[in-house]
Amino acid sequence: MTPNRSATSPFSSILSGAVLWAALAVAPVIGTAQEPDREVRLTSRSGTLTLSGSLLGYDGRYLRVATEHGELTLPLTGVICEGAACPDPETWVPELRLSGAARMGELVLPALVDGYARERGLALEIAETDDTHRTYSLVSPGDGETRLRVSFRLTSTQDGFADLLADEADLAMAERLLDAEELSLARDAGLGRLDAPGRLQLIGLDALVPVVAPGRPIAALSPSQLARLYSGGISNWSELGGPELPVRLHLGPEASGQMQGFAAMMRALSGEGLSDEVTRHSDNAALAAAVASDPAAIGMLPFGRTGVAQPLALGGSCGLSSHAAPETVVTGDFPITLPLVLYRPMRRLPEGAEAFLGWIATAEAQLVLRRAGVTGLAPLPIPIEVQGRRLAGAVLSAGEDVGLADLQRMLRVLEPRLRLSTTFRFEAGEAALDAVSRSRVVQLAQAIRDGRHDGHSLLLAGFSDGRGGPVANHDLSLERARAVRASVLSLLGGALPPGVTLEVAAFGEAMPMGCDDTETGRSINRRVELWEGPLR
């Protein structure tokens, strides 16, 4: 028998005891060199077969064991378990282990745990082992029993992913998307596709905003200018029409997932790494203070935490610009929007942990996030009358490919409706959703299923970037809107519930959000927006 750790291996499936032992019938007794305190010996109820390995986890029903055959999942009731690590179902407490981005573990997730405990009528007990380890126990006031234990290791996105690979965490907290190499490592380790729906759980959205000292005569930068600043390609403010001052660059800690995401974005724009002249700061307050006191400085700070520093808009040569605001962050229209996500591998979790993770998508949880200063995922209504900047941009960018008749058609379709902030984006030239948008499809399907759009007509409005001809762009934007609709319907079993409709429309390049002369601008323009109106 050849061991196989892949997701398609029969040993990685959740099998009944009888099937598992039948599958191992041709194998000898297995021993593994694992941590002694985690070693278990499992014997079939018939006593005919024995298996040894290291216990990786228990979810209240199933054991997860590392063996020479790879990782096996089998029911506790089907075996006799021997060893100090064997769980006792009578005293076992469901646990959820999270590791990764410190800000998520210090602020975002604890706020959600607290809100969940309050809604369930549970008391919250907090234990802090050291600066990087905290445990939250949700205790029933009636019998004093712990219903769920949530532990945090406050590190970085990179270290959280490493803990996931080492099976020292159930979920990784990340302030950026994992790159292709990390996703490949996860697949090779048997964790599945971490960018697939259900594996990437979007918690909220954040943005990094360029800031300068108050009173500086500069209002906006383009993403390409920002990249040249941080690569050292622009070293004096006079090169941007400012005073004769050397540029002084400031950023947060190198281990921060947000800073890593920013560095990757700047590298993609400039083709170069960050300048060696960047001054790093341990926290946002220190960075904001340093920039605010230096007229030559520029820094990057999270949206809503810019302190007294002056935030700048991000724009381009075409005249379109975007300011960081709740509506531009939650829609992803602001160019440097970064997700706050949980990565979860293909593993079973205790029912109590699943209940908490499912609760995060509720309206109550989204209210908790807003109170914590995080841009959550609840659809934010954006009336068309407050979208003057977008409409002005559509008029100003109109030309041979987009005429007055096209704009009038778009307004006739959209004017009776209300834009919701839920927005889906795509890979270049394709109808393939990006990783964050695949998660948003799941959230939209859940909202429709739960009746949050009952009595309404939903419209998926497709848009494209400006590359290609008008007919091709229209067809591609229609294909994208149809792809989102098909994905939603697939999750709903092929049909919408009564009392809600889901239509599609396509407008090609009619309403750009960014300038098409950069990939950043084009990626913002490739989108499907969600609009809502009364059911006709």
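**Figure 1. The largest pocket of the predicted model**. In this predicted model, the largest pocket has a volume of about 1,400 Å³. Its lining comprises 44 residues, of which L177, M265, T337, L338 and D434 are the closest to the pocket centre. By residue class, the lining of the largest pocket consists of 22 nonpolar, 10 polar and 12 charged residues.

**Figure 2. Helices and strands that line the largest pocket**. At least two lining residues are supplied by each of the helices α4 (180-188), α6 (257-270), α13 (435-449) and α15 (519-525). Strands β11 (200-212), β19 (337-343) and β21 (418-425) likewise supply at least two residues each. The largest share of this lining comes from α6, with 8 residues.

**Figure 3. The second largest pocket and its lining**. The second largest pocket encloses about 880 Å³ of space. Among the 37 residues that line this pocket, R38, L55, L56, G57 and R97 lie nearest its centre. Strands β2 (50-58), β3 (62-67), β4 (70-75) and β6 (95-101) each contribute at least two residues to the lining. The largest share, 5 residues, belongs to β2. The lining of the second largest pocket divides into 17 nonpolar, 4 polar and 16 charged residues.

**Figure 4. The disulfide between C81 and C86**. The structure holds 1 disulfide. A disulfide is a covalent bond between the sulfur atoms of two cysteines. Here the bond joins C81 to C86, with an S to S distance of 2.0 Å. The link of these two cysteines is left-handed, with -85° about the S-S bond. C86 counts as buried because its relative accessibility is 18%, under the limit of 20%.

**Figure 5. The largest nonpolar core, with L194 and its contacts**. The largest nonpolar core contains 46 residues, and L194, L226, Y230, F262, I298, I336 and Y343 touch the most other members. Strand β11 gives the most to this core, with 7 residues. A second, separate core has 32 residues, including L96, L112, F356 and V368. Apart from neighbours within four places in sequence, L194 is in contact with F161, L164, L178, L183, A186, R199, L200, Y343, R344 and P345. One of these contacts, Y343, is also listed with L194 among the core residues that touch the most other members.

**Figure 6. S140 in the loop between β8 and β9**. S140 is found in the loop that runs between β8 (133-139) and β9 (146-155). With a relative accessible area of 12%, S140 is buried. When residues up to four places away in sequence are not counted, S140 touches L122, E145 and R147.

**Figure 7. L202 in strand β11 and its contacts**. L202 is found in strand β11, which also supplies at least two residues to the lining of the largest pocket. L202 counts as buried because its relative accessibility is 2%, under the limit of 20%. Residues up to four places away in sequence aside, L202 touches P339, L340, V341, L377, V436, S439, R440 and Q443. Although L202 and Q443 are 241 residues apart in sequence, their C-alpha atoms are 9.2 Å apart in space.

Conventions. Residues are numbered from 1 along each chain as its sequence is written. This is a predicted model: local features need pLDDT of at least 70, side-chain atom pairs count only at pLDDT 80 or more; totals for chains, interfaces and linings use all residues. Side-chain values use heavy atoms; hydrogens and water are left out. On a 1 Å grid over the protein atoms alone, a cavity is a set of points where a 1.4 Å probe fits but cannot get out, and a pocket is an open set with protein on both sides within 12 Å along at least five of seven lines; lining residues have an atom within 4 Å of a point. Grid points are joined across faces, edges and corners, and a volume is the space filled by probe spheres set on the points. Helices (H or I, at least four residues) and strands (E, at least two) are DSSP runs, numbered from the N terminus. Ala, Val, Leu, Ile, Met, Phe, Trp, Tyr, Cys and Pro count as nonpolar, Asp, Glu, Lys and Arg as charged, and the others, Gly among them, as polar. A disulfide is a pair of cysteine sulfur atoms within 2.5 Å. Buried means under 20% relative accessible area, exposed over 50%, partly exposed in between (1.4 Å probe, protein chains only). A nonpolar core is a set of buried Ala, Val, Leu, Ile, Met, Phe, Trp, Tyr and Cys residues joined through side-chain atoms within 4.5 Å. Contact means heavy atoms within 4.5 Å.
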